[in-house]
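Here is a short report on a structure that may be new to you. Keep the sequence and the view at hand while you read.

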Amino acid sequence: MAKLKKSPWIIHYDGSSCNGCDIEVLACLTPLYDVERFGVINTGNPKHADILLITGGINAQNKKVVEQIYQQMPEPKVVVAVGICAYNGGIFKECYNILGGVDKVIPVDIYVPGCAARPESIIDGVVQAVDLLEMKQDYFEKNGISYNKAMKNKNESNKENES
Amino acid sequence: MLEVILRGLVFIIAAPFVGGLLSGIDRKITARMQGRRGPSIFQSFYDVRKLLSKQVLIVNSLQHMLVWGFLIFVVFTGVLFFAGEDILLVIFSLTTAVMFMVMASYSVNSPFSAMGSQRELIQMMSYEPMLLISAVGFYMATGTFNIKGIMQANIPAIVYLPGVFAGFLYILTVKLGKSPFDLSNSHHAHQEMVKGITTEMSGSVFALIEIAHWYENVFLLGIVGLFIVSNQWWSWIIAGIVILITFFLEILIDNTSARVKWDVMLKTVWAITLVVGGINIFILDIIR
Ligand code: SF4
């Protein structure tokens, strides 16, 4: 129990953000906020990560990259979209190359509001992500299928029923 | 024989606790040096517990086996050392262990992994001569390669081998994977090649690597102690203190230096090996 709670490792990916949110994500690691005291590590490696922090929206070029990072993360995993850009494209929404928010390509679990998102709210998002990780782990142990996959199957069957 | 088995067992059981705690203390001190509060000193245990419970993305089954080989040979190295066997055997066993690690990393297609293993090989090339010189030094100082014999010496080895000891401390930074020589796998985020040698390892496979590193670190600090101990009981206390100071200095160096390029590492390590290690051995050869 509570195996994941004490060591959530994060991978941070910069989509097409203005870098504002990224600075704030990195600010969480500085002495003032020091998220490492909760066991959080900012790894650069999706295969070691539990939480995917994405800033900025999805554009034609990074769509594949985001999908691949998500696929390479081992279960259980949680996606946190940081900032308004990651929610729906934000101020870049109308740009010709922007497809929209992160949820256009991968399932997002938590949205952190703000432009730029404040470090406090990012930390809050991560704390909620940790609880969600635990929940997903429990789900897996109980049902033998990962939560994300189960939801995907459910959505697909819903779609089939509708059509 | 019974004593040997007993010592080996004590090492197998106790080393992960000591090693894990040491790495936790390392992270705590590092954080304090940077003006942060830092994680709990048990953080490494939490990390490994989490890794063991996560999904493993098996890249190929060969890698899994080779990682086990790495762990087993590292443990074997430590058992040989703490059971008081031949120091040459210990060094060869360590080399074999690292070879397993390199092959595990090479067995996948990832360019980051491949680059990490190349760098690991270069690291090996740089520190291996000094390791052998240390073994030779022990022999010349105490007249035996047997670790039990070395510990029974009247005069501690460091009296004859100050240069070799300095050289060994230098390669210890490479072996512990600390800056400025953390080329193949950095503990800190955002290395230019993701996570180097461990890039393709996830979940429990990565946990095995962490546990192997705990064993390895305990064994390496054990060698530092071997330089100090003699047949006097108080030499053990001094050895303990020297080990702690060494450990602290490693963390200090880790936090105050930037990573160097491989050629700088190779040149300086070989230069140190040749100058302090070589001259030390040469003088010892003349006076004894
Ligand atoms: S939400 Fe605002 S600060 Fe963050 S990336 Fe978008 S424009 Fe920049």
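A residue counts as buried when its relative accessible area is under 20%. By that cut-off, B:Asp47 and B:Arg27 are both buried. The coordinates come from a predicted model.

**Confidence**

The model has an ipTM of 0.83 and a pTM of 0.89. For chain B the average pLDDT is 87, and 98% of the residues reach at least 70.

**Salt bridges**

How many salt bridges does a search of the whole structure find? Over all chains, the count is 14. Three of them are set out here.

| Pair | Closest N to O distance |
|---|---|
| B:Lys50 and A:Asp50 | 2.7 Å |
| B:Lys54 and A:Asp50 | 2.5 Å |
| B:Asp47 and B:Arg27 | 2.9 Å |

Start with B:Lys50, which bridges to A:Asp50. B:Lys50 sits in helix α2 (residues 43-53) of chain B, while A:Asp50 sits in the loop between β2 (41-43) and β3 (51-55) of chain A, so this pair joins two chains. Both B:Lys50 and A:Asp50 are buried.

B:Lys54 also forms a salt bridge with A:Asp50. This pair crosses between chains too: B:Lys54 belongs to the loop between α2 and α3 of chain B, and A:Asp50 to the loop between β2 and β3 of chain A. Are these two partners buried or exposed? B:Lys54 has a relative accessible area of 7%, so it is buried. A:Asp50 has 0% relative accessibility, and therefore counts as buried.

The third pair stays within chain B. B:Asp47 and B:Arg27 form a salt bridge, with their closest N and O atoms 2.9 Å apart. B:Asp47 lies in helix α2 and B:Arg27 in helix α1 (residues 2-33), so the bridge ties together parts that are 20 residues apart in sequence. The pair also belongs to a network. Salt bridges with shared partners link B:Arg27 and B:Asp47 with B:Arg36, A:Asp34 and A:Glu36.

**Helix α3 of chain B**

Which residues make up helix α3 of chain B? The helix runs over residues 61-82, which is 22 residues. From its first C-alpha to its last, α3 reaches 32 Å. That is close to the 32 Å expected at 1.5 Å a residue. Just after this helix comes B:Gly84, with a positive phi of about 85°.

**In brief**

A:Asp50 is a partner of B:Lys50 and of B:Lys54. B:Asp47 pairs with B:Arg27.

Terms used:
Residues are numbered from 1 along each chain as its sequence is written. Chains are lettered from A and ligands numbered from 1 in the order in which they are written. This is a predicted model: local features need pLDDT of at least 70, side-chain atom pairs count only at pLDDT 80 or more; totals for chains, interfaces and linings use all residues. Side-chain values use heavy atoms; hydrogens and water are left out. Helices (H or I, at least four residues) and strands (E, at least two) are DSSP runs, numbered from the N terminus. The expected span of a helix is 1.5 Å times one less than its number of residues. pLDDT is the predictor's confidence in each residue, from 0 to 100. A salt bridge is a side-chain nitrogen of Lys or Arg within 4 Å of a carboxyl oxygen of Asp or Glu. Buried means under 20% relative accessible area, exposed over 50%, partly exposed in between (1.4 Å probe, protein chains only).
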